[in-house]
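Reader: Could you take me closely through one part of this model, the paired strands in the middle of the chain, and then set that part in the context of the whole? I would like the cut-offs behind each term as you go.

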Amino acid sequence: VQLQASGGGLVRAGGSLRLSCAASGNIISMDAMAWYRQAPGKARELVAKITETTPDYADSVKGRFTISRDGDKNTVYLQMNSLKDEDTGVYLCHAWRGPTNYWGQGTLVTVSS
């Protein structure tokens, strides 16, 4: 399975972006899919994940970000609203099935104040 992330860009603080992660395979077969964030000088952190029906979020993005999945399109989305400077980073798509992990190449989000 290959993951292709897109949708990043430069946005003003308070603005919105929607990231997409398109999978080459069937995401329904995945245990879960997630978005991670890698900010400069910081450890990679889990931003949001979703199983077949249940989403979960990092405290820092709750109420602002929404993760969703479209099984027909084999795509996972991350809607990001009310963006803050600290949301800046490379956003990576991740999926796993049992012990096997899949990573996308990442898409850069830059939030300017």
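Author:

**The β4-β5-β6 strands and their setting**

Strand β4 (residues 32-38) and strand β5 (residues 45-50) run antiparallel and are joined by 5 bridges, where strands are DSSP runs (E, at least two residues) numbered from the N terminus, and two of them pair if DSSP finds at least two bridges between them. This is a predicted model, in which local features need pLDDT of at least 70 and side-chain atom pairs count only at pLDDT 80 or more, while totals for chains, interfaces and linings use all residues. Residues are numbered from 1 along each chain as its sequence is written, and side-chain values use heavy atoms, with hydrogens and water left out.

Within this pairing, Tyr36 stands opposite Leu46 of β5. The hairpin of β4 and β5 has 6 residues between the strands, and Gly41 takes a positive phi near 75° there. On from this, β5 is also joined to strand β6 (residues 55-57), again antiparallel, by 3 bridges, with Ala48 having Tyr57 in β6 as its bridge partner. The hairpin that joins β5 to β6 does so through 4 residues.

Both β4 and β5 are among the strands that each supply at least two residues of the largest nonpolar core, as are β1 (3-6), β3, β7 (65-70), β8, β9 and β11 (107-112). That core has 29 residues, and those with the most contacts inside it are Met33, Trp35, Leu78, Met80 and Tyr91; a nonpolar core is here a set of buried Ala, Val, Leu, Ile, Met, Phe, Trp, Tyr and Cys residues joined through side-chain atoms within 4.5 Å. Buried means under 20% relative accessible area, exposed over 50%, and partly exposed in between (1.4 Å probe, protein chains only). The strand that gives the most to the core is β3, with 4 residues. Leaving aside neighbours within four places in sequence, Met80 is in contact (heavy atoms within 4.5 Å) with Gly15, Ser16, Leu17, Leu19, Arg64, Phe65, Tyr91 and Val109.

The structure holds 1 disulfide, the term being used for a pair of cysteine sulfur atoms within 2.5 Å. The disulfide joins Cys21 to Cys93, with an S to S distance of 1.9 Å, and the link is left-handed, at -85° about the S-S bond. Because Cys21 lies in strand β3 (residues 17-23) and Cys93 in strand β9 (residues 89-97), the pair ties together parts that are 72 residues apart in sequence. Cys21 is buried, with a relative accessible area of 0%, and Cys93 is likewise buried at 0%.

Cys21 also appears in the surroundings of Thr75, which, neighbours within four places in sequence aside, is in contact with Ser20, Cys21, Ala22, Ile27, Ser68, Arg69 and Asp70. Thr75 belongs to strand β8 (residues 75-80) and is buried, with a relative accessible area of 7%.

As for the whole, the protein chain has 0 helices and 11 strands, a helix being a DSSP run (H or I) of at least four residues. Its radius of gyration, taken over C-alpha atoms, is 13 Å, close to the 13 Å that the globule rule (2.2 Å times the number of residues to the power 0.38) gives for 113 residues, so the chain is as compact as a globular protein of that length. The C-alpha atoms fill a box of roughly 40 × 25 × 20 Å along the principal axes, and 44% of the 113 residues count as buried.
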